[in-house]
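Trainee: I should like a close look at a single part of this model, namely the nonpolar core and the side chains around it. Please take me through it in one connected account.

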Amino acid sequence: MNLREIIMDAIKFPISDTRKFLIFCALIIIMSLSTVLPSYGVKDNTLSLILTLVTLIVAIIVLGYCVEVIKSGADGDDTLPDFDYVKHFVNGIKALILDIIYFIIPAIITIIVASATGLFTSFTKIVYISIDAMSKNANNLTTIMAAVPKTTMNTFTNALTITLIVAIILFIIFSLMSFTGLVRFAKTGSGTEGLRFRQILRDMSKVGLIKIIVTLIVIYIIAFVLLLIIGLIGLIPYIGVFIGIFVGVPFMLLFLYRAIGLLYADA
């Protein structure tokens, strides 16, 4: 599918089955109660604890359902998937674990790079020197920074630049791989499949790296616009928040995950 076909299909998909869409909307409302009710003055510690637990459980179910939405896109199904809450809960936990793994790997590499380039050491030196300068009546930033040796500042600046570049590159690479891994997991139901890096790279090659990047940029821009609209709706007194959450958020999520599934249909 080309980009236009993916976008048009993903926009129509949420309302392909009104009943299932309303059920999904209800799940989003339940998931949001722990944050919405306090804004209306409903404050009770016991209730807050219960709602937080409910939010966590429902959020996992919603994530699991979004995995099914990805699968429907990859498989070419035209309507919203059926609800199986136990299956969605299990898949939601697996998807969450996959996301954590794909976040931890670049985070660890970035920390190693930061340590190797002297970022932590130079930053610690700058902090101690700054504290010492303030204890000697240095009362403005210029005076404090002047107390820091040029070599230390250069080391910190260079290390920070290298670390940021590495972190950004790793974030982009692992974000793309995590999307592909999530699709593999959605199609097979196996969390292990979501971590088969060689097959993931093969799938990305089949779809086309440029196509993946461009499509993701476009669908995230659309999702951002939807968030802005939801925010504006939320400004309507009393009912605005519920309208935005009940309609806008579910539509945005279904659109986003459907588009991701369609993107990888050729893989």
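Mentor: The account below begins with the core and then turns to aromatic rings, charged pairs and the surface. Please keep in mind that the model is predicted.

The largest nonpolar core comprises 58 residues. Within this core, the residues with the most contacts are Phe24, Val62 and Ile260. The elements that give two or more residues to the core are helices H1 (3–12), H2 (18–36), H3 (45–75), H4 (85–116), H7 (150–188), H8 (197–207), H9 (209–233) and H10 (240–263). Of these, H10 gives the most, with 13 residues. A second core, separate from the large one, has six residues, among them Ala114, Leu119, Phe156 and Ala159.

Phe24 serves well as a point of entry. Apart from residues up to four places away in sequence, Phe24 touches Val62, Tyr65, Cys66, Phe83, Pro250, Leu253 and Leu254. Val62, named above among the residues with the most contacts in the core, is thus also a direct neighbour of Phe24.

Two of these neighbours lead to the aromatic rings. Phe24, Tyr65, Phe83 and Tyr85 form one aromatic cluster. The count of aromatic pairs in the model comes to six. In the pair Phe83 and Tyr85, the ring centres are 5.8 Å apart and the planes meet at 25°; planes under 30 degrees apart count as stacked, so this pair is stacked. Tyr85 counts as partly exposed, because its relative accessibility of 40% falls between the limits of 20% and 50%.

His88 has contacts with two members of that cluster, Tyr65 and Phe83. This histidine belongs to helix H4. His88 has a relative accessible area of 1%, and is therefore buried, the limit being under 20%. Leaving aside neighbours within four places in sequence, the contacts of His88 are Ile60, Ile61, Gly64, Tyr65, Glu68, Asp82 and Phe83. Asn91 also has its place in helix H4. With a relative accessible area of 9%, Asn91 is buried as well. Beyond four places in sequence, Asn91 is in contact with Gly64, Glu68 and Phe185. Gly64 and Glu68 are thus contacts of both His88 and Asn91.

The contact between His88 and Asp82 brings us to the charged side chains. Side chains of opposite charge can pair when their charged atoms come close. The structure holds nine salt bridges. In one of them, the side chains of Asp82 and Lys20 meet at 2.6 Å, N to O. Asp82 lies in the loop between H3 and H4, whereas Lys20 lies in helix H2, so the pair ties together parts that are 62 residues apart in sequence. The partners differ in burial: Asp82, at 54% relative accessibility, counts as exposed, whereas Lys20, at 8%, is buried. Lys20 also forms a salt bridge with Asp17, the closest N and O atoms being 4.0 Å apart.

Another salt bridge joins the side chains of Asp9 and Arg258, at 2.8 Å from N to O. This pair links distant parts of the chain, with Asp9 in helix H1 and Arg258 in helix H10, 249 residues apart. Arg258 is buried, with a relative accessible area of 1%. Elsewhere, salt bridges that share partners join Arg184, Glu193, Arg196, Arg202 and Asp203 into one network.

The surface completes the picture. A nonpolar patch is formed there by Leu53, Leu56, Ile57, Val86, Phe89, Val90, Ile93 and Ile97, which together have about 680 Å² of accessible area. Helices H3 and H4 each supply at least two residues of this patch. The largest share, five residues, comes from H4, while Leu56 lies in helix H3. Both helices also appear among the elements that give two or more residues to the largest core. H4 is therefore represented in three ways: by its residues in the core, by its share of the patch, and by the buried side chains of His88 and Asn91.

Finally, Leu201 may be considered. Leu201 is found in helix H8, which is also one of the elements contributing to the largest core. Its relative accessible area is 47%, and Leu201 is therefore partly exposed. The C-alpha atoms of Leu201 and Phe21, which are 180 residues apart along the chain, are separated by 34 Å.

Conventions. Residues numbered from 1 in each chain as written. Predicted model: local features only at pLDDT ≥ 70, side-chain atom pairs only at ≥ 80, totals over all residues. Heavy atoms only, no water. Core = buried A, V, L, I, M, F, W, Y, C linked by side-chain atoms within 4.5 Å. Buried < 20%, exposed > 50% of the residue type's maximum accessible area, 1.4 Å probe, protein only. Helix = DSSP H or I, 4+ residues; strand = E, 2+ residues; numbered from the N terminus. Contact = heavy atoms within 4.5 Å. Patch = residues over 30% accessible without salt bridge, like charges linked within 9 Å, V, L, I, M, F, W, Y side chains within 5 Å. Areas by Shrake-Rupley, 256 points an atom, 1.4 Å probe, with all protein chains shown as cover. Phe/Tyr/Trp six-rings, centres within 6.5 Å; stacked < 30°, edge-to-face > 60°.
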